[in-house]
Amino acid sequence: MAANKLFLKSTCSSCLSAKTARRPGKQFLSMVNAVNDEAPSQNSRRDFLQLAVLLSAASSATGVLAEDEASQKITANKRYQGPSAYGFSFNYPKSWKPNKRIGNKHLYDLEVKSEKNKDAFVEVTIDHVEINSLKDFGSIDQVSSKLLSQIQKSKKGEPVKVIKSYEQQDKKLGMNYYVIELESERDRIVSKLAITAQQLFCMIITVPQSEAQGSLAGLGEEIVASFSVKPNYLENFQVTAKGQAPSFTEYFQKLPSDIGRVERGDF
């Protein structure tokens with residue numbers, strides 16, 4: 001205390017500078033001690049409360065950010081182009097992974113699956129049929145019943161119902177489609193079918209009900225709307241405009257460039 005009084009009584013600025021300069025380390029230590037000793041119940045508590053408020057705010061912001069990312073709407077923003085011999089394409093989320101399945105009864109079997117949600121996926125299959133149009137396959141109601149029966153079997157008894165079904169036409173390409181929407185307790189399912197050159201194209205999109213109103217809302221309908229099938233190359237080998245069958249060399253000229261890959265199953 002005596003030293004402090006002596007220090008305060010000095011009015012000589014040069015002396016004050018000299019005294020301060022002589023022991024900088026001790027002056028810094030005194031300042032630290034003063035902060036620690038002066039009203040510890042007020043300063044330290046105030047600092048702690050301020051830190052707690054900052055941490056709470058940061059935690060809340062992180063939680064909101066994580067929630068926003070989890071609920072961010074997923075869109076079909078990447079194009080899948082099938083082999084030209086089959087002539088189909090569609091959009092799907094770029095974060096999903098396409099996987100061509102082989103070794104089964106289908107001519108073509110593709111699955112595009114979400115890596116984060118294994119219950120959300122797209123399936124595209126192509127099968128040989130002895131008909132050339134959807135009308136020959138059945139009416140929209142008949143085909144809806146067939147699809148419903150097939151999906152119910154895959155769900156192993158889980159109730160499934162048709163929400164709505166309708167016909168769709170691509171006038172530019174001259175293709176007709178059936179679009180069928182179904183739902184079960186767990187999933188929302190949207191399907192689109194087409195037939196050309198004795199090949200049945202069937203797309204099925206499955207989205208969990210838990211995500212159907214969230215990040216995957218409307219995704220099934222978006223993918224289905226983008227699904228397009230061109231008349232198969234076999235249809236180009238029929239008759240020419242003059243009513244004459246194409247020559248043998250014309251067949252090879254019209255073959256798609258990737259026909260070899262298709263025949264080998266390398267697609």
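What distance should the 15 residues of H6 span at 1.5 Å a residue, and how far apart are its end C-alpha atoms? The expected span of H6 is 21 Å, and its end C-alpha atoms are 21 Å apart, which agrees. That expected span is 1.5 Å times one less than the number of residues. Helices (H or I, at least four residues) and strands (E, at least two) are DSSP runs, numbered from the N terminus.

This is a predicted model, in which local features need pLDDT of at least 70, side-chain atom pairs count only at pLDDT 80 or more, and totals for chains, interfaces and linings use all residues. Residues are numbered from 1 along each chain as its sequence is written, and side-chain values use heavy atoms, with hydrogens and water left out.

In H6, the residues Ile-140, Val-143, Ser-144, Leu-147, Leu-148 and Ile-151 are buried (under 20% relative accessible area, 1.4 Å probe, protein chains only). They lie on the same side of H6, because they cover an arc of only 140° around the axis; the arc is that of the directions from the helix axis to the C-beta atoms. An α-helix has 3.6 residues a turn, so residues three or four places apart point the same way.

Strands E1 and E2 form an antiparallel pair; pairing requires at least two bridges found by DSSP.

| Item | Value |
|---|---|
| E1 | residues 78-81 |
| E2 | residues 88-92 |
| Bridges between E1 and E2 | four |

Lys-78 has Tyr-92 of E2 as its bridge partner. Six residues stand between the strands of this hairpin, where Gly-87 takes a positive phi near 65°.

Conventions
Buried < 20%, exposed > 50% of the residue type's maximum accessible area, 1.4 Å probe, protein only.
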